[in-house]
Amino acid sequence: MKTAEDRRLTVPTADGFRAITGKGVAAMVEGTEYHMGGPALLHAEQARVPEALGQAADAAAGRGQAAIFLLAGGEALAVFAVADAVREESREAIRALHERGIEVAMLTGDARAVARAVADDLGIDTVFAEVLPEDKASKVRELQARGKRVAMVGDGVNDAPALATADLGIAIGAGTDVAVEAGHIVLVRSDPRDIPRIVTLSRATYRKMVQNLWWAAGYNVLAIPLAAGVLAAWGILLTPAVGAVLMSASTVVVAINAQLLKRTVL
């Protein structure tokens, strides 16, 4: 006969483990097939959920926690409440994006109640919940159909199609190789605060491009007609020597103005 300690240390072997894309996992344990997953798995299996477990799942969702169900024989046997701690960096990043006039949307496979609780906590504007991995790209296209330019941030294999579909794909450097290859920009650090910094840097770079274009074009617009003698009748003529000096001065001004980009506060 096994002692209480022996029984406590015995862990049944799981066989035939498999992942159910976008829904959960399944395995055979001592001849019984068990499934584990969230609401999408419940719908797919049409599983019966006892009232007590349903209430526990609803209470967890109200706290911003995801409910993971253990199923066997088409019935929920247990529910586990899990939650990711909201990083303070994420809160700062979203606040910084709002300050720059950018709306923030969240794509998640979590239940709507959980997603809504997290969105309310962080101040996220739009929420797409219970989204299957293969549907992320379609949600990006839905936003684009509303006339919005979309920047997608992701790090997983399932994010790659959405990263490629977005107007700007931002991949997390610590993520999968597929996501990195699909992104237009790769963040070296896993810090969401770098996203608003990208916006600041790109806007500052664009302003410098426009300014330098005007500096370069302004010289030609003024100097070429003068060198051609447009105002020669009034005694105004730009000599080649002066033109060369002005061209050099224009180049110097453009170079100095470009160097001032380093002073941009990110």
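A salt bridge is a side-chain nitrogen of Lys or Arg within 4 Å of a carboxyl oxygen of Asp or Glu. Asp120 and Arg116 fit that description, since their side chains meet at 3.2 Å, N to O. Keep in mind that what you're looking at is a predicted model. A search through the whole structure turns up 15 salt bridges, and here's a quick tour of some of them, plus a sheet, a helix and a surface patch.

**Salt bridges**

- Side chains of opposite charge can pair when their charged atoms come close.
- Asp120 and Arg116 both sit in helix α5, four residues apart, which is about one turn of the helix.
- Asp120 is exposed at 53% relative accessible area, while Arg116 comes out as partly exposed at 35%.
- Helix α6 (residues 136–145) holds another pair, Glu142 and Lys139, placed three residues apart, about one turn of the helix. Their side chains meet in a salt bridge of 3.8 Å, N to O.
- Both partners are partly exposed: Glu142 has a relative accessible area of 31%, and Lys139 has 23%.
- Arg91 and Asp121 also form a salt bridge, at 3.2 Å, N to O. Arg91 belongs to helix α4 (residues 88–99) and Asp121 to helix α5 (residues 112–122), so this pair ties together parts that are 30 residues apart in sequence.
- Arg91 is partly exposed at 23%, and Asp121 is partly exposed at 41%.

**The sheet**

- Three strands make an open sheet in the order β8-β9-β10, paired in parallel.
- β8 (151–154) and β10 (185–187) are the edge strands with a single partner each, so one side of each has no neighbour in the sheet.
- From one strand to the next, the twist averages 20°.
- Strand β9 (residues 168–172) is joined to β10 by three bridges, and Ile172 has Leu187 in β10 as its bridge partner.

**Asp191 and helix α9**

- Helix α9 (residues 194–227) lies across β8, β9 and β10, and runs at about 135° to β10.
- Asp191 is in the loop between β10 and α9. Its relative accessibility is 8%, so Asp191 counts as buried, because buried means under 20%.
- Not counting neighbours within four places in sequence, Asp191 touches Arg87, Glu89 and Arg197.

**A nonpolar patch**

- Tyr206, Met209, Val210 and Trp214 form a nonpolar patch on the surface, and together they have about 510 Å² of accessible area.
- Tyr206 is located in helix α9 and counts as exposed, at 55% relative accessibility.

Terms used. Residues are numbered from 1 along each chain as its sequence is written. This is a predicted model: local features need pLDDT of at least 70, side-chain atom pairs count only at pLDDT 80 or more; totals for chains, interfaces and linings use all residues. Side-chain values use heavy atoms; hydrogens and water are left out. Two strands pair if DSSP finds at least two bridges between them. Helices (H or I, at least four residues) and strands (E, at least two) are DSSP runs, numbered from the N terminus. Axes are lines fitted to C-alpha atoms, for helices over the stretch in contact, and angles run from 0 to 180 degrees between N-to-C directions. Contact means heavy atoms within 4.5 Å. Buried means under 20% relative accessible area, exposed over 50%, partly exposed in between (1.4 Å probe, protein chains only). Patches are made of residues with over 30% relative accessible area and no salt bridge: like charges are joined within 9 Å, nonpolar side chains (Val, Leu, Ile, Met, Phe, Trp, Tyr) within 5 Å. Accessible areas come from the Shrake-Rupley method with a 1.4 Å probe; for residues, only the protein chains shown count as cover.
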